[in-house]
Amino acid sequence: MASGGKESPPLTRTIRTSFTKISHESVRNVASPERSFSNMAADNKNVERMGGMSKNISSFSFEASERPENVSRLNDRLVGMLDHIEKRVELLREHATAMEQEREALLTMISTVKTNKDLQLISEGEREEIQVTAERLLGRALTVEVNVKTLRNEAQNKALDKVNKYIEDLFDKIRIDLSSGRRMCEAYLNACLPEPRGPIDQRFQTVTIECTADDQKKTRRRLESLLSSVIEAEESLHH
């Protein structure tokens with residue numbers, strides 16, 4: 001991002017490298033959408049078989065009242081179809097959840113670059129170019145909306161709201177101080193693990209336990225992805 005044909009100073013290259021590395025790390029830490037949709041495309045062969053199955057069921061039911069044995073076969077086919085559909089529904093939810101996590105990780109990375117205190121050490125022109133690029137990427141990322149709903153009771157909704165508030169505060173901490181944010185993220189993540197790898201945040205653990213099983217898993221994956229991004233950012237900025 002140098003001007004006048006001059007090479008960018010080391011710090012500028014470091015920020016650029018950090019941004020690139022974090023992005024690659026984030027993609028590795030969530031299910032790959034490309035791989036997910038490839039799996040779904042392969043699984044569509046089963047849908048074609050289901051289509052044929054549906055046609056057979058239509059002709060089958062016509063004689064069901066006269067042939068009791070056909071009723072049993074029809075029921076087996078219907079149950080088989082529903083079992084297959086259930087697997088695909090769960091697969092769809094997994095893929096959508098992975099996309100949610102990727103979106104959030106990208107937004108966090110962009111925010112980290114925009115608010116990095118080391119930007120003050122580079123020239124005004126280069127700083128402005130970095131900010132413009134970050135804003136463009138932010139705008140593009142915000143055009144993607146993915147929402148996977150989970151059934152919750154009132155207590156579970158309140159617990160999730162508290163968890164999200166904790167994580168919002170964590171994002172703010174990371175924007176201000178990567179090292180401090182990393183320690184907080186580690187404490188939150190340890191609170192979600194059956195076997196903690198270090199200190200845990202007791203308050204965060206208390207509210208997380210009150211969430212649904214799906215929300216607990218999603219929270220753990222969010223923190224794992226975020227922690228990987230923070231670690232990569234620290235390493236890139238310190239090299």
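1. Let us start with R175: its relative accessible area is 31%, so this residue is classed as partly exposed. Please keep in mind while reading that the model is predicted. R175 forms a salt bridge with D172, and the closest N and O atoms of the pair are 2.7 Å apart. D172 is partly exposed as well, because its relative accessibility is 38%.

2. Where do D172 and R175 lie, and how many residues apart are they? Both belong to helix α5, 3 residues apart, which is about one turn of the helix. An α-helix has 3.6 residues a turn, so residues three or four places apart point the same way. Side chains of opposite charge can pair when their charged atoms come close.

3. Helix α5 (residues 154-176) holds another such pair, K158 and E154, set 4 residues apart, about one turn of the helix. Their side chains meet in a salt bridge of 3.5 Å, taken from N to O. K158 is partly exposed at 49% relative accessibility. E154, with a relative accessible area of 58%, is exposed, because exposed means over 50%.

4. Moving on to helix α6, you will find E186 and R182, 4 residues apart and again about one turn of the helix from each other. A salt bridge joins their side chains, with 3.2 Å from N to O. E186 is partly exposed at 28% relative accessibility, and R182 is also partly exposed, with a relative accessible area of 27%. In total, the structure holds 10 salt bridges.

5. Now for a wider view. The secondary structure comes to 8 helices and 0 strands, and reading along the sequence gives the pattern α-α-α-α-α-α-α-α. The protein has 239 residues, of which 37% count as buried. Its accessible surface comes to about 14,800 Å², with 52% of that belonging to carbon and sulfur atoms. Among contacts in the protein with a separation of 6 or more, 74% come from residues 24 or more positions apart.

6. Helix α4 (residues 124-142) is a nice one to trace by eye. It has 19 residues and reaches 27 Å from its first C-alpha to its last, close to the 27 Å expected at 1.5 Å a residue. Which residues of α4 are buried? They are E126, I130, A134, L138 and A141. These residues cover an arc of only 110° around the axis, which means that they sit on the same side of α4. The face turned away from that buried side carries the exposed residues E124, V132, R136 and R140.

7. On the surface, look for L82, I85 and V89, which make a nonpolar patch of about 250 Å². V89 has its place in helix α3 (residues 68-114). Its relative accessibility is 40%, so V89 counts as partly exposed.

8. Back in helix α6 (residues 178-192), is N190 buried or exposed? N190 is buried, because its relative accessible area is 7% and the limit for buried is under 20%. Leaving aside neighbours within four places in sequence, N190 is in contact with P196, R197, G198, P199 and I200. The helix itself is given as residues 178-192, so you can find these partners past its end by their numbers.

9. T208 is another residue worth a look. It is found in helix α7 (residues 202-209). T208 counts as buried, because its relative accessibility is 4%. Not counting residues up to four places away in sequence, T208 touches V163, C192 and Q216.

10. One of those partners, Q216, lies in helix α8 (residues 213-238). What does Q216 touch beyond residues up to four places away in sequence? Its contacts are T208, I209 and C211. Q216 is partly exposed at 29% relative accessibility, whereas its partner T208 is buried at 4%. Q216 and L193 are 23 residues apart along the chain, and their C-alpha atoms are separated by 9.9 Å.

Notes: Residues numbered from 1 in each chain as written. Predicted model: local features only at pLDDT ≥ 70, side-chain atom pairs only at ≥ 80, totals over all residues. Heavy atoms only, no water. Helix = DSSP H or I, 4+ residues; strand = E, 2+ residues; numbered from the N terminus. Buried < 20%, exposed > 50% of the residue type's maximum accessible area, 1.4 Å probe, protein only. Contact = heavy atoms within 4.5 Å. Areas by Shrake-Rupley, 256 points an atom, 1.4 Å probe, with all protein chains shown as cover. Patch = residues over 30% accessible without salt bridge, like charges linked within 9 Å, V, L, I, M, F, W, Y side chains within 5 Å. Salt bridge = Lys/Arg side-chain N within 4 Å of Asp/Glu carboxyl O. Expected span 1.5 Å × (residues − 1). Arc of directions from axis to C-beta.
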